Amino acid sequence: MSETAEPVLMRVEHITKEFPLPAGGRLKACDDISIAIRKGETTAIVGESGSGKSTLARTIMGLYTPEAGQVLFRGADITRLRGEAKRQNYRHIQMIFQDPATAFNPKMKVKDIICEPLLSFEVIRRQEVAERARALLQLVELPADFADRYPHSLSGGQRQRVAIARALALEPEIIICDEATSALDVSVQDSVIRLLVRLQREKGLTYLFICHDLALVSLFSHQVIVMKQGRVVEQLPGEKLTEAQHPYTQALLRSVFSVHSRDVDLSARSGSPLTCGKQQEVAYV
Ligand SMILES: Nc1ncnc2c1ncn2[C@@H]1O[C@H](COP(=O)(O)OP(=O)(O)OP(=O)(O)O)[C@@H](O)[C@H]1O
């Protein structure tokens, strides 16, 4: 748990989400999960494949209705919103997926992809699309002329920047990144994470970062939550990962390779919102 006293923006309380098993019975993909997500911080959820990370993210987003528990956002229960109330909730909570290519309409230009949420919520008019897209592209460090390109002409990293621009368009309070950098080459992953960290610092964004790479998230996360078979087995500050007590967390750490082998001063993150002066020097290996 972070020692800083940032206010809690979201509380996940006793969430249980089950799926029917083909052979009968039910699988508890999330089993009584409770976590607190603080404003302006990065909360990482890590665990091996099948531990329930994506199910938790989707339940928080309202894509799944849990069998038990609730998700409180700014103190209000958003777990079972319907209709327009649910739609409005998407203004505040946005999600970035592993492969944005599958989420983008290949026939839409980048500017229309980025501004679609703004048009959908009637924040801007169609004639404002080009200008707003330019500003959002600049925010994610892409050239303005990308606005008229199609997704297939972009690299994976560029597509992920477009996904970030689109997620930022409505100025949400929480962005859920579900393995958002996992498919990228290490150097591209590095640059996208640096971008996310910069945006967090500048805009006070809150991230829920779902990832299987414990060593990677420890570099920039304020809080790391470790899941195994649908349960939270350990929660600890990102900079204290080497003090992990649970054997499963220790095994995850050993399997990925090494916080020690990276020349990183994890205390760089101890201010809040994230102060990452030292992290600017991080070399991801
Ligand atoms: N829609 C679904 N229907 C049935 N079972 C599901 C569904 N979604 C997930 N599961 C099951 O729930 C468990 C948790 O899956 P989940 O995708 O949440 O794990 P994860 O930790 O995100 O894994 P990964 O890192 O591989 O994405 C798995 O056993 C999975 O097979």
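Axes here are lines fitted to C-alpha atoms, for helices over the stretch in contact, and angles run from 0 to 180 degrees between N-to-C directions. With that settled, here are the close-ups, all taken from a predicted model.

**View 1. Helix 4 crosses helix 5.** The pair to look at is helix 4 (residues 110–120) and helix 5 (residues 129–139), whose axes come within 9 Å and cross at roughly 100°. Angles of 65 to 115 degrees count as roughly perpendicular, so that is the word for how helix 4 and helix 5 sit relative to each other. On the helix 4 side, the residues that meet helix 5 are K111, D112, I114, C115 and L118. Helix 5 answers with V129, A130, R132, A133 and L136. Sorted by class, this contact has seven nonpolar residues and three charged ones, with no polar residues at all.

**View 2. The shell around the ligand.** Zoom in on the ligand and you'll find F19, L27, A29, G47, S49, G50, S51, G52, K53, S54, T55 and H212 around it. By class, that shell divides into eight polar, three nonpolar and one charged. Two elements, strand 2 (26–38) and helix 1 (53–61), each supply at least two of the shell residues. Helix 1 has the largest share, with three residues.

**View 3. Helix 1 and what comes after it.** Stay with helix 1 for a moment: it is mostly covered, with seven of its nine residues buried. The buried ones are K53, S54, T55, L56, A57, T59 and I60. Three names in that buried set, K53, S54 and T55, also turn up around the ligand. Right after the helix comes G62, which has a positive phi, near 85°.

**View 4. Where the two domains touch.** The domain assignment splits the protein chain into domain 1 (1–82 + 180–285) and domain 2 (93–171). Between them, nine residues of domain 1 are in contact with 13 residues of domain 2. On the domain 1 side, helix 7 (residues 186–203) gives the most, with four residues. That side of domain 1 has seven nonpolar and two polar residues, and no charged ones.

**View 5. G69 and its contacts.** This one is centred on G69, which lies in strand 4 (residues 68–73). Leaving aside neighbours within four places in sequence, G69 is in contact with E13, H14, I15 and T16. How buried or exposed is G69? It has 17 other C-beta atoms within 10 Å, so it counts as partly exposed. If you want a long-range reference point, take R201: G69 and R201 are 132 residues apart in sequence, and their C-alpha atoms are 32 Å apart in space.

**View 6. Two residues with positive phi that aren't glycines.** R74 has a positive phi of about 50° without being a glycine, and E171 likewise has a positive phi of about 50° without being a glycine. You'll find R74 in the loop between strand 4 and strand 5 (76–77). The place to look for E171 is the loop between helix 6 (156–169) and strand 7 (174–178). Which exposure class does each belong to? R74 counts as partly exposed because it has 13 C-beta neighbours inside 10 Å. E171 counts as exposed because it has 12 C-beta neighbours inside 10 Å, and the exposed class takes in residues with 12 or fewer.

Notes
Residues are numbered from 1 along each chain as its sequence is written. This is a predicted model: local features need pLDDT of at least 70, side-chain atom pairs count only at pLDDT 80 or more; totals for chains, interfaces and linings use all residues. A residue is near a molecule or strand if its C-beta atom, placed from the backbone, lies within 6 Å of it. Ala, Val, Leu, Ile, Met, Phe, Trp, Tyr, Cys and Pro count as nonpolar, Asp, Glu, Lys and Arg as charged, and the others, Gly among them, as polar. Domain bounds come from an automatic or database domain assignment. Two residues are in contact if their C-beta atoms, placed from the backbone, lie within 7 Å. A residue is buried if 20 or more other C-beta atoms lie within 10 Å of its own, exposed if 12 or fewer, and partly exposed in between; C-beta atoms are placed from the backbone. Angles under 35 degrees count as roughly parallel, over 145 as roughly antiparallel, 65 to 115 as roughly perpendicular and the rest as oblique.
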